[in-house]
Amino acid sequence: MNNRIKPRINVGLVGCGVISPTYLTNIRENYNDIINIVACSDLSSDLAYKTSKNFEIPKILTFEELLEESNIEVILNLTPPNAHAPITIKAIEAGKHVYSEKPLAIELKDGQKIIDKAIENNVMVGCAPDTILGPGIQTCRKIIEEGIIGEPTAVITIQGNRGHEGWHPNAEFYYQKGGGPIFDMGPYYLSTLINLLGPVKRVTGSHKKTFSKRTKKNNTTINVEVPTHVVGILDFQSGVIGNIFNSFDTFQPTCNNYIEIYGTTGTLTVPNPNSFSGPINLLTRNNNNEMERKEVSLAYDEEGAARGIGLVEMAWAIKDQRICRTNANIANHVLEIIHAVHQASDAEKHITLNTTCEQPNMLPIGMSKGIFNQ
């Protein structure tokens, strides 16, 4: 049993919208001994009140009041994408650590500004997705590290649907600047690929906008301002070549939420990167040199593996004075990849990336729930 003393950090939540109950439920049920949500804030007083009541959060504050609270160490930024950068930067300038929903920012300059400000103010910034810390992706990392599929040579990802206007109450932002399928879903796939295969050195791609308007369930229309079908080719620093496919224009791919990694001695099918576990399939040769496909058991415990574990792991990183596994360098590299795929399509060329990042350490086998060792 791991007897390390757990950190307990005071967190202020800003943004009480659609995703916040998922975070707060997991934190309350599994990590209340590590994460202490002391206050919440939202532009909607009704949402803030509902969140405070449902999750027994003691204080409802304005964002400015959150920043003035000396006992709040971390800001949990669950605002819409266009507010991520300004909220995060203000929190950093107030001396707070930040854990943000994805993407880190919309504009590339803001991603780098966040990193520079964090260094200047000696604070840590983590960014979703934290699905890369789940037992599914971590088990795949273990398979690759152990050489079971040989040397990885290629990867393909597929994610597609007809968009979010049919279910999301405020779907407009998905079709405005900072929206579109690769801004929305790309971080799950790209963060997973970086975790499994390392950083990317150059990209190319193509994009299109199939529908100029979208119709919501209430029959109101949304003007589409951004590309809604995006494909890219990624050249990884390791030599792996990747194909990515993100679309809001497809009827429904039969192999959706799909990642397959091809190695010199095997093929690995990775679980949906928007989830924390799921089936892992491995195709290799058996002892009789015959092709054999099998489902692989998870190497990590699933208990507590849900939204919010990135914040928990960051709490440990703050305590241990190390960089967290969902750090801003990774998120900023993802942001540049997203921009570069669009730029490559517009310019009809390859784009060499300016950013890079370290491939985060694999989680240790046998770790106890909520104990994130170095």
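1. In this predicted model, Tyr-174 has a relative accessibility of 8% and therefore counts as buried, the cut-off being under 20%. Its sequence neighbour in the aromatic pair described next, Phe-173, stands at 27% and so counts as partly exposed.

2. A search of the whole structure for aromatic pairs returns three. One of them joins Phe-173 and Tyr-174, whose ring centres are 4.3 Å apart with 25° between the planes. This geometry is classed as stacked because planes under 30 degrees apart fall in that category.

3. The rings of Tyr-175 and Phe-248 also pair, with 5.8 Å between centres; their planes stand at 65°, so this pair is edge-to-face. Its two members come from distant parts of the chain, 73 residues apart. Tyr-175 belongs to the loop between strand 7 (152-160) and helix 7 (181-184), whereas Phe-248 belongs to the loop between strand 12 (241-247) and strand 13 (258-263). Both Tyr-175 and Phe-248 are buried.

4. Taken together, Phe-173, Tyr-174, Tyr-175 and Phe-248 make up one aromatic cluster. Within this cluster, Phe-173 is partly exposed on account of its 27% relative accessibility, while Tyr-175 and Phe-248 are buried.

5. A further site to inspect is Thr-131, located in the loop between strand 6 (125-127) and helix 6 (135-145). Its relative accessibility is 0%, so Thr-131 counts as buried. Leaving aside residues up to four places away in sequence, Thr-131 touches Ile-137, Tyr-188, Pro-273, Asn-274, Ser-275, Phe-276 and Arg-307. For Phe-276, the separation from Thr-131 is 145 residues in sequence but 5.1 Å in space, C-alpha to C-alpha.

6. As to the overall fold, the chain contains ten helices and 17 strands. Its radius of gyration is 20 Å, which agrees with the value near 21 Å that a compact globule of 374 residues would have. The C-alpha trace extends over about 65 × 55 × 40 Å along the principal axes. Of the 374 residues, 56% count as buried. When contacts between residues at least 6 apart in sequence are considered, 74% connect residues at least 24 apart.

7. Finally, surface and charge. The accessible surface of the chain amounts to about 16400 Å², and carbon and sulfur atoms account for 48% of that area. The side chains include 34 positive and 39 negative ones, and the centres of these two sets are 2 Å apart.

Terms used. Residues numbered from 1 in each chain as written. Predicted model: local features only at pLDDT ≥ 70, side-chain atom pairs only at ≥ 80, totals over all residues. Heavy atoms only, no water. Phe/Tyr/Trp six-rings, centres within 6.5 Å; stacked < 30°, edge-to-face > 60°. Buried < 20%, exposed > 50% of the residue type's maximum accessible area, 1.4 Å probe, protein only. Helix = DSSP H or I, 4+ residues; strand = E, 2+ residues; numbered from the N terminus. Rg over C-alpha atoms; globule rule 2.2 N^0.38 Å. Contact = heavy atoms within 4.5 Å. Areas by Shrake-Rupley, 256 points an atom, 1.4 Å probe, with all protein chains shown as cover. Lys, Arg positive; Asp, Glu negative; His and termini not counted. Charge placed at Lys NZ, Arg CZ, Asp CG, Glu CD.
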